[in-house]
Amino acid sequence: AISMQPTTECTDFIIRPATCADCPTILTFIKQLAEYENLAHEVVADEERLQPSLFGEHPSAEVIIAEYQNSPVGFALFFTNYSTFLARPGIYLEDLYVHTNMRGRGFGKKLLAYLAGIAVDRDCGRLEWSVLDWNQPAKDFYQSLNAEPMDGWTVNRLTGESLTALADQC
């Protein structure tokens, strides 16, 4: 069983739970991921928001950090969701990122395997995530892990004024 304890896959590579001191690194990874996805203009996150939401009294998400030769090379940010059909919790992977110059070494697969281990350890029924339609390298990677694309589902989102307007209707 996997826990949120540091693990050594090989002598030069580890995956460990993030700490509050990792907020600058996490923010850098978020910005790099947004740049890769052509969404940098949408990032408003900063360290002051990350600290309480990830490491405060009621964290909204968790982060694991991948390090190679003592340097951060990737991360995964995830949170618990729930399946009414399974009557069990699940894990939703919000972000997975490996530095572009570190790809192809199996680090992304190790991050996902570690996260799958957390899901199994916590008796979760699912590990889920979304992938952008245009991101064929990611789609191919996930398919190589036997992940099932969920055809027939569309992600919906309320944010900003639309979110506030709906909330005002209660």
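This passage walks through strand β5 and its neighbours, then turns to the cysteines and to Asp22. The model is predicted.

A good place to begin is β5, which covers residues 88-98. This strand is mostly covered, with 8 of its 11 residues buried. Strand β4 (residues 71-83) pairs with β5 in the antiparallel sense, and 10 bridges link the two. Within this pairing, Phe79 has Tyr92 of β5 as its bridge partner. The two strands form a hairpin, with 4 residues between β4 and β5. In the turn, Ala87 has a positive phi of about 55°.

Strand β5 also pairs with β6 (residues 126-129), here in the parallel sense and over 4 bridges. Tyr92 appears again in this pairing, standing opposite Glu128 in β6. Tyr92 is thus a handy landmark for the reader, as the bridge partner of Phe79 and as the residue opposite Glu128. Between β5 and β6 the chain passes through helix α3 (residues 107-121), and the resulting β-α-β crossover is right-handed.

Helix α3 itself deserves a closer look. From its first C-alpha to its last, the 15 residues of α3 reach 21 Å, close to the 21 Å expected at 1.5 Å a residue. Buried residues of α3 include Phe107, Leu111, Leu112, Tyr114, Leu115 and Ile118. Gly108, Gly117 and Ala119 are also buried in this helix. Just after α3, Asp123 takes a positive phi of about 60°.

The cysteines come next. Searching the whole structure gives 0 disulfides. Cys23 is accordingly in no disulfide, and the nearest cysteine sulfur, belonging to Cys20, lies 4.6 Å away. For a pair of cysteine sulfur atoms to count as a disulfide, they must be within 2.5 Å. Cys23 counts as buried because its relative accessibility is 0%. Cys170, in contrast, is exposed, since its relative accessible area is 89%.

Asp22 rounds off the description. This residue sits in the loop between β2 (13-17) and α1 (23-36). With a relative accessibility of 8%, Asp22 counts as buried, because the limit for that class is under 20%. The side chains of Asp22 and Arg16 are joined by a polar contact of 2.8 Å. Leaving aside residues up to four places away in sequence, Asp22 touches Arg16, Pro17 and Ile65. Arg16 therefore features twice for this buried loop residue, once through the polar contact and once in the list of residues that Asp22 touches.

Key
Residues numbered from 1 in each chain as written. Predicted model: local features only at pLDDT ≥ 70, side-chain atom pairs only at ≥ 80, totals over all residues. Heavy atoms only, no water. Buried < 20%, exposed > 50% of the residue type's maximum accessible area, 1.4 Å probe, protein only. Pairing = 2+ DSSP bridges. Right-handed = clockwise from strand over helix to strand, strands pointing away. Expected span 1.5 Å × (residues − 1). Polar contact = N/O pair within 3.5 Å; in protein donor to acceptor, adjacent residues only side chain to side chain. Contact = heavy atoms within 4.5 Å.
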